[in-house]
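Reader: Before we discuss the assignments, could you show me the model, so that I can ask how each term was applied?
Author: Here it is.
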Amino acid sequence: MLEGEAATLALGAELASLLHAGLVVFLEGDLGAGKTTLARGILQGLGYEGKVKSPTYNLVEVYEISRLYFYHFDFYRFDNPEEWEEAGFREYFNGESVCLVEWPEKAGASLPAADLRVRLGVAGTNHRHVEVQAPTEAGARCLKRWQARGSLLAPPAP
Ligand SMILES: Nc1ncnc2c1ncn2[C@@H]1O[C@H](COP(=O)(O)OP(=O)(O)O)[C@@H](O)[C@H]1O
Ligand SMILES: [Mg+2]
C-alpha cells in the first residue's frame with residue numbers, strides 16, 4: 001500500500017535503480033491512479049531534475065539521461081489501435097531505450113510486450129495499491145531484485 005504521493009514517488013525511485021536499456025514497463029490503472037506520479041518518481045530517481053510532464057497531449061515525452069534513451073508514452077487519447085501503428089513509435093522500442101507506457105491497452109495487441117506491468121489502483125483519497133507482474137525473464141530478474149531491495153514492494157510481514 002502506498003500512503004500519499006511521496007510513497008508513489010519513492011516506489012518509482014526504487015524501480016529507477018533497477019532499470020536497464022531494453023526494458024518495457026507498462027503503467028496500468030484508471031485515471032488518477034498515480035501512473036504519471038510513478039513515472040515522475042522513476043525519472044527523479046534516474047537523476048532527472050526538470051519538470052516531468054504528463055504525455056497525455058503529446059503522446060510521448062523523450063528524455064536522454066546519461067546515454068539512456070527514456071520514452072514516456074501515454075496512449076489515453078487513442079480511439080483505436082490503428083492509431084498506434086500510424087503514430088510510428090515502434091522503432092522507439094529497441095535495445096537502447098527504456099519505454100514506460102501509460103494506457104498500453106489503448107494501443108492494442110501489436111504494442112511490444114511488457115517486461116514489467118505495474119498496476120496502480122485508488123484505495124481511498126490518500127492511498128494507492130500496487131501490483132507488479134513480470135511476464136518476461138528480464139522483467140522477472142528485475143522484479144526479484146526489486147522485491148529483495150525495495151521496502152515498498154516487499155510482501156507484508158506475517
Ligand atoms: N499513493 C498516493 N496516495 C495519494 N495520492 C496519490 C498517490 N500517488 C499519486 N497520488 C495523486 O494522485 C493524483 C493523480 O496522479 P497521476 O499520477 O496524475 O495519475 P494517472 O497518471 O494515473 O492519471 C495526483 O494528484 C497524485 O498526487
Ligand atoms: Mg497520467
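Reader: What makes a nitrogen atom of ligand 1 and the side chain of Thr-8 a polar contact?
Author: A polar contact is a pair of N or O atoms within 3.5 Å; within protein, one must be able to donate a hydrogen and the other to accept it, and residues adjacent in sequence count only if both atoms are side-chain atoms. The nitrogen atom of ligand 1 lies 2.8 Å from an N or O atom in the side chain of Thr-8, so the pair falls within 3.5 Å. Backbone N or O atoms of Gly-34 and Thr-36 each lie 2.9 Å from an oxygen atom of ligand 1. Taken alone, ligand 1 exposes 580 Å², of which the protein buries 77%; these areas come from the Shrake-Rupley method with a 1.4 Å probe, and for residues only the protein chains shown count as cover.

Reader: On what basis is the model read and numbered?
Author: This is a predicted model, in which local features need pLDDT of at least 70 and side-chain atom pairs count only at pLDDT 80 or more, while totals for chains, interfaces and linings use all residues. Residues are numbered from 1 along each chain as its sequence is written, chains are lettered from A and ligands numbered from 1 in the order in which they are written, and side-chain values use heavy atoms, with hydrogens and water left out.

Reader: What makes Thr-36 and Glu-102 donors to the magnesium ion (ligand 2)?
Author: Donors are N, O and S atoms within 2.8 Å of the metal (3.2 Å for Na, K and Ca), and because water is not among the atoms, sites may look incomplete. Thr-36 (OG1) and Glu-102 (OE) coordinate the ion at 2.1 to 2.3 Å, so both meet the 2.8 Å limit. The pair links distant parts of the chain, 66 residues apart, with Thr-36 in helix α2 (residues 35-45) and Glu-102 in strand β5 (residues 97-102); helices (H or I, at least four residues) and strands (E, at least two) are DSSP runs, numbered from the N terminus.

Reader: How do you know that the structure has zero disulfides?
Author: A disulfide is a pair of cysteine sulfur atoms within 2.5 Å. The sulfur of Cys-99 is 14 Å from the closest cysteine sulfur, in Cys-142, and is therefore too far for a bond.

Reader: Why is Cys-99 called buried?
Author: Buried means under 20% relative accessible area, exposed over 50%, and partly exposed in between (1.4 Å probe, protein chains only). Cys-99 has 1% relative accessibility, and therefore counts as buried; Cys-142, with 0%, is buried too.
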